[in-house]
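Biologist: Please take one helix of this protein and examine it closely, setting it within the whole chain.

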Amino acid sequence: MSSEPEIVPATQQLAEAYFGGQPPYSFRGFAAVLDGQPVGLAGVFRAYGKMWAFSGVKPPLRPYRKARVKGLKKLVSLLDSMPCPVYATADPEEETAPNLLARLGFRKTGEYHEGNEILIRRSPWRSCP
């Protein structure tokens, strides 16, 4: 029987287990761990001279709404701590992604990357020079 997922700081080992190898970027974030295996990952990474938010959920995590909400709260706290805007794109495979990103404070920019609209979230507490 599965236990409840635990939200923990992401480590290199957890990231490699989640991605099945080396992650595409180094990042700061959190992992959802269920029965010793990472089933969710979220955080921020730097690419193209900007900070980008990401998240991923594997099927075993989907039934655990409380754990997903707890992970999102940690992600929001991380996003709020960023000194400059954070960017994101909605995963076209994830039906709820656009609404979730909007609820997290991301807004449309009118720019696109690989066919997906780039969204921006400015910290409510800080602004960039």
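Modeller: The account below begins with the whole protein and then turns to helix α2. This is a predicted model, in which local features need pLDDT of at least 70, side-chain atom pairs count only at pLDDT 80 or more, and totals for chains, interfaces and linings use all residues. Residues are numbered from 1 along each chain as its sequence is written, and side-chain values use heavy atoms, with hydrogens and water left out.

The protein contains 3 helices and 7 strands, where helices (H or I, at least four residues) and strands (E, at least two) are DSSP runs numbered from the N terminus. Their order from the N terminus is β-α-β-β-β-α-β-α-β-β. Of the 129 residues, 40% are buried, that is, under 20% relative accessible area with a 1.4 Å probe and protein chains only.

Helix α2 covers residues 65-81. Its 17 residues should span 24 Å at 1.5 Å a residue, and the end C-alpha atoms are 24 Å apart, which agrees; the expected span is 1.5 Å times one less than the number of residues.

The buried residues of α2 are A67, G71, L75, L78, L79 and D80. An α-helix has 3.6 residues a turn, so residues three or four places apart point the same way. The buried residues of α2 pack against β1 (6-9), β2 (27-34), β3 (37-47), β4 (50-57), β5 (86-89) and β7 (116-121), a contact being heavy atoms within 4.5 Å.

Across the protein, residues 24 or more positions apart account for 49% of the contacts with a separation of 6 or more.

Conventions. Buried means under 20% relative accessible area, exposed over 50%, partly exposed in between (1.4 Å probe, protein chains only).
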